[in-house]
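Got your viewer open? Let's take a walk through this one, picking a selection at each stop and saying what is there.

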Amino acid sequence: MPVESEGPIPAASPVIGEAEIEAAVRVLRSGRVVQGPEVAAFEEEFSALVAGRHCVAVNSGTSALHLSLWALGVGPGDEVIVPSFTFAATANAVRLAGAEPVFADIDPDSFCLDPDAVAAAIGPRTAAIMPVHLYGHPAAMDRIGPLAEQHGLAVVEDACQAHAAALNGTPAGAMGTVGCFSFYPTKNMHALEGGMITTADAETARTMRLLRNQGMEQRYANEVVGANLRLTDVAAAIGREQLKRLPGWTDRRRANAGFLDAKITAAVTPPVAAGARHVYHQYTVRVRGDRDAAQRHLEERRVGNAVYYPTPVHRLKPYLKDGRPDPRWDLPETERAAAQVLSLPVHPSLTEDDLARVADAVNETAGGTGAATGDAK
């Protein structure tokens, strides 16, 4: 049982400091609060994180995914290959665009789309692949990219959890046709709420700018039918402050993950693929035994934790067929991961004592037995 002096260790700890508050107040006093100079500056500064790509700010990560498909012409009659082991927003964006998600299985180590499963899922209606860089680990874009090129498919990177991740030196958001980021408060950096789309193609970027702003670049000169997906300048100003600290926060997350890797012996710690730069939006282990019991023990020890994601998307109500999972989706690695994963605190606010408490609490769930790496299958 925890001693009384041990405070709770939160699973996540969004930072809203004086710099963010001052930035928000500055914008409010300026009177330029929507789609103004702060948004333009945020787009320009974020571009440095994605190898100089064009950046288009929007009001959420979900909007980024939806708008990307919309701008690329993906719609009714099309299919988009997605993982089922992810947040529902990935598949929801496909449906919002009028297309249908096709669920493919994941790699058991990275928790990201398995390229072989993607290849098997490609059909005559496939228009795009939407790999998710889950938990901050980049998907196998070195295999998915050539596969997409071979079949003439767009690649929409769901990088909503992967700010500053990279594969073989190429940053997340700079490996696909477009990349999408989220600035929700629990992400590695935030803007209270918001999103960003990245692309190497200037015309695609212009189309996105039209679509996010009622179809116009110049006021009342509407060129296409668009929507209101704009980011506020208050959010952009906060995002700019967060972006300044992202490198240091990323280093701290990676160091914290290294500490946990070395200390945890009673669960399978997250492997990192060769050439991958994992940024640990979540530090996710596989529990060897009873996950519910492990969570109860962590809660007794006042160690925050969460399951991302307990129900694969293809088993959620909107994606059932006649009230049951569609028989087309045979996803054994997805099902196994959903039954075993547990995410632990890894955020930059943790002290070494906090990290030691996290590792000790995990190890106590199985008496400290078991190897730090291995197969929980």
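The tour goes through the pockets, then the cavities, then the surface and a helix. Keep in mind that this is a predicted model.

**Stop 1: the largest pocket.** Select Phe87, Gln161, Tyr184, Lys187 and Tyr309. Of the 28 residues lining the largest pocket, these sit closest to its centre. The space in there comes to about 500 Å³. Now colour helix H3 (61–71) and helix H4 (89–96), the elements that each give two or more residues to this lining. Which of them gives the most? That's H3, with three residues. If you colour the lining by class, you should get 13 nonpolar, eleven polar and four charged residues.

**Stop 2: the second largest pocket.** This pocket holds about 210 Å³ of space. To find the middle, pick Asp107, Ser110, His137, Ala140 and Ala273, the closest to the centre among its 19 lining residues. The class count here is twelve nonpolar, two polar and five charged.

**Stop 3: the closed spaces.** Rolling a probe the size of a water molecule over the atoms shows where empty space is left. How many cavities of 30 Å³ or more turn up in the whole structure? The search finds three.

Start with the largest cavity, at about 100 Å³. Select Ser13, Pro14, Val15, Lys187 and Arg253, which lie nearest its centre out of 14 lining residues. You've met Lys187 already, as one of the residues closest to the centre of the largest pocket. The lining of this cavity splits into six nonpolar, six polar and two charged residues.

Next, the second largest cavity, with about 50 Å³ of space. Its lining includes Asp109, Phe111, Leu134, Tyr135 and Gln282. Ser110 and His137 line this cavity as well, and both were in your selection for the second largest pocket. By class, the lining has five nonpolar, five polar and one charged.

**Stop 4: out on the surface.** Select Ile16, Ile21, Val25 and Leu192 to see a nonpolar surface patch of about 320 Å². Zoom in on Leu192, in the loop between strand E8 (178–182) and strand E9 (195–199). Leu192 counts as partly exposed because its relative accessibility is 40%.

**Stop 5: helix H8.** Finish with Ala235, in helix H8 (residues 233–263). Is Ala235 buried or exposed? With a relative accessible area of 7%, Ala235 is buried. Try a distance label from its C-alpha to that of Leu113: the two are 122 residues apart along the chain and separated by 31 Å.

Methods. Residues numbered from 1 in each chain as written. Predicted model: local features only at pLDDT ≥ 70, side-chain atom pairs only at ≥ 80, totals over all residues. Heavy atoms only, no water. Patch = residues over 30% accessible without salt bridge, like charges linked within 9 Å, V, L, I, M, F, W, Y side chains within 5 Å. Areas by Shrake-Rupley, 256 points an atom, 1.4 Å probe, with all protein chains shown as cover. Salt bridge = Lys/Arg side-chain N within 4 Å of Asp/Glu carboxyl O. Helix = DSSP H or I, 4+ residues; strand = E, 2+ residues; numbered from the N terminus. Buried < 20%, exposed > 50% of the residue type's maximum accessible area, 1.4 Å probe, protein only. 1 Å grid on protein atoms, 1.4 Å probe; cavity = no way out; pocket = protein on both sides within 12 Å on 5 of 7 lines; lining within 4 Å. Points joined across faces, edges and corners; volume = space filled by probe spheres on them. Nonpolar A, V, L, I, M, F, W, Y, C, P; charged D, E, K, R; others polar.
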